[in-house]
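Biologist: Got a minute to go through this model with me? I'd like to talk about how some of its helices pack.

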Amino acid sequence: CLRQAPHVVCYEDKHLWLLVATAILVPAYSLVLIPLAGVEGKIDYLKRSKLFSPKKFWAESARRTASVVDMGPLHPNPESAFRTRVTELCAKAALPFVEILSWRAPSIQVALLSSIHLIMWLTSIMYPPK
């Protein structure tokens with residue numbers, strides 16, 4: 001039972017339907033979001049036929065997107081563009097969850113946030129821009 005809304009019974013009626021809908025929609029949304037993150041949201045680089053062929057086309061589309069504009073020393077490495085962008089997406093998705101769900105345990109929160117940032121830093125060291 002919820003403190004703020006004691007009339008709501010967990011995992012019954014509307015709450016159960018909301019849980020089921022979330023369990024179906026979040027993975028489907030994620031499957032579409034990952035390839036779009038790889039191409040920085042530029043849908044022109046990812047055709048509908050390529051959307052459901054991850055091994056074949058997602059990294060190739062990210063490579064094409066990364067090689068369009070030269071950004072000097074910060075130009076992304078086309079060979080690791082997809083990996084870098086997906087890692088960044090995962091970090092951006094995980095940070096709010098860790099922040100909100102661990103606010104009562106600051107030491108755990110700091111450890112989790114530091115580990116996420118460590119993974120991001122290691123990714124930038126292992127796969128630097130060109």
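Modeller: Sure, here is a look at one residue and then at two helix pairs. This is a predicted model, where local features need pLDDT of at least 70, side-chain atom pairs count only at pLDDT 80 or more, and totals for chains, interfaces and linings use all residues. Residues are numbered from 1 along each chain as its sequence is written, and side-chain values use heavy atoms, with hydrogens and water left out.

Biologist: Where is Thr87?

Modeller: Thr87 sits in helix 3, residues 81-101 (helices are DSSP runs of H or I, at least four residues, numbered from the N terminus).

Biologist: Is Thr87 buried or exposed?

Modeller: Thr87 counts as buried because its relative accessibility is 18% (buried is under 20% relative accessible area, exposed over 50%, partly exposed in between, with a 1.4 Å probe and protein chains only).

Biologist: And which residues is Thr87 in contact with, leaving aside neighbours within four places in sequence?

Modeller: Ile119, Met120 and Thr123 (contact means heavy atoms within 4.5 Å).

Biologist: Switching topic: at what angle do helix 2 and helix 3 cross?

Modeller: Roughly 100 degrees, and the axes of helix 2 (residues 54-66) and helix 3 come within 8 Å. Axes are lines fitted to C-alpha atoms, for helices over the stretch in contact, with angles from 0 to 180 degrees between N-to-C directions.

Biologist: Which residues make that contact?

Modeller: Helix 2 brings Trp58, Ala59, Ala62, Thr65 and Ala66, while helix 3 brings Ala81, Phe82 and Arg85.

Biologist: What about helix 1 and helix 3, how do their axes cross?

Modeller: At roughly 130 degrees, with the axes of helix 1 (residues 14-38) and helix 3 coming within 8 Å.

Key. Helix = DSSP H or I, 4+ residues; strand = E, 2+ residues; numbered from the N terminus.
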